[in-house]
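Trainee: I would like a close look at a single part of this model. Please take one helix and go through it slowly, then place it against the rest.

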Amino acid sequence: MVADSFPVELISWDTATSLSRSLADIIKASGFAPDLVIAIGRGGYVPARIICDRLLISDLTSIKIEHWGTAGRKFDQARVRFPLSVDVQGKTVLIIDDVTDTGETLVAATGYIARHRPGEVRTGVLQHKTCSVFQPDYYASRIAEWKWIIYPWALYEDLVGFLDKTLGGQPASPEDLARTLGQRFGMHLDVNEVALALDDMVSRGVAARIDGLYSKAGHDPRRV
């Protein structure tokens, strides 16, 4: 989604861990016992590892599917970037991701894995958005009203993406930009973290800094 303003929820490490453990408990209670867990990179890496730990599963691998960039930027089509590296033929497989949004990532993942002839495939996510076209087999929580979810393993990357949305030709201080993030997206972050992200953006050439003020690269922050 690309918009001037939309709701964002920041998920803490404690909440993410709790959701992962709850998801594992739901899977265990269902009686499903996978031979192999496949994490969808990159959002599914941490939840999948916690679930493997909770379910005492040692076989964990991953595929990478690209559909979303940072700060709610969506690619035209979900695509497999890094393919499966193990044989899953005849195996019972559990695919794990962090969230369903449009659902196209899991549509692509299940279709891709099915071509490798597993015995059975089920899916699980930490949070399932009801707007998704894909219904996972398992989820720890349900989200009825759309919002962009930022998990702790993607916080800094998404912060840079949201700052890129927020920066313009108008000079702004880290305090100004932190305030704008709160007003437009409900993101209430420490100003020092915002300043660190802005400095990284300057070093990458996507932002300019003069006299402690920041703007898009190519704009002089001293000029309004």
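Mentor: Take helix 4, residues 155–166, in this predicted model. At 1.5 Å a residue, its 12 residues should span 16 Å, and the C-alpha atoms at its ends are 16 Å apart, so the expected and the computed span agree.

Next, look at which of its residues are hidden. Asp-158, Leu-159, Gly-161, Phe-162, Leu-163, Lys-165 and Thr-166 are the buried residues of helix 4. Asp-158 and Lys-165 are on that list, and both count as charged. The buried residues pack against two strands, strand 1 (8–10) and strand 8 (148–150), and against two helices, helix 5 (174–185) and helix 6 (191–203).

Helix 6 deserves a longer look. An α-helix has 3.6 residues a turn, so residues three or four places apart point the same way. Keep that in mind while reading the contact. On the helix 4 side, the residues are Tyr-156, Leu-159, Val-160, Leu-163 and Asp-164. They meet Glu-193, Val-194, Leu-196, Ala-197, Leu-198, Asp-200 and Met-201 of helix 6. Sorted by class, this contact has nine nonpolar and three charged residues, and no polar ones.

Two packed helices are described by the angle between their axes and the distance between the axes. Here the axes of helix 4 and helix 6 come within 10 Å and cross at roughly 75°. Angles of 65 to 115 degrees count as roughly perpendicular, so helix 4 is roughly perpendicular to helix 6.

Now the rest of the model. In soluble globular proteins, nonpolar side chains tend to be buried together. The largest nonpolar core has 22 residues, and Leu-23, Ile-27, Val-37, Ile-51, Leu-94 and Ile-96 have the most contacts inside it. At least two residues of this core come from each of helix 1 (13–30), strand 2 (36–41), helix 2 (45–55), strand 5 (92–100) and strand 7 (138–143). Helix 1 gives the largest share, five residues. For a single member, take Ile-51: leaving out residues up to four places away in sequence, Ile-51 touches Ser-20, Leu-23, Ala-24, Leu-94 and Ile-96.

Leu-159 of helix 4 belongs elsewhere: a second, separate core of 20 residues includes Leu-159, Ala-178, Val-194 and Ala-197. Val-194 and Ala-197 are also among the helix 6 residues that helix 4 meets.

How values were computed. Residues are numbered from 1 along each chain as its sequence is written. This is a predicted model: local features need pLDDT of at least 70, side-chain atom pairs count only at pLDDT 80 or more; totals for chains, interfaces and linings use all residues. Side-chain values use heavy atoms; hydrogens and water are left out. A nonpolar core is a set of buried Ala, Val, Leu, Ile, Met, Phe, Trp, Tyr and Cys residues joined through side-chain atoms within 4.5 Å. Buried means under 20% relative accessible area, exposed over 50%, partly exposed in between (1.4 Å probe, protein chains only). Helices (H or I, at least four residues) and strands (E, at least two) are DSSP runs, numbered from the N terminus. Contact means heavy atoms within 4.5 Å. The expected span of a helix is 1.5 Å times one less than its number of residues. Axes are lines fitted to C-alpha atoms, for helices over the stretch in contact, and angles run from 0 to 180 degrees between N-to-C directions. Angles under 35 degrees count as roughly parallel, over 145 as roughly antiparallel, 65 to 115 as roughly perpendicular and the rest as oblique.
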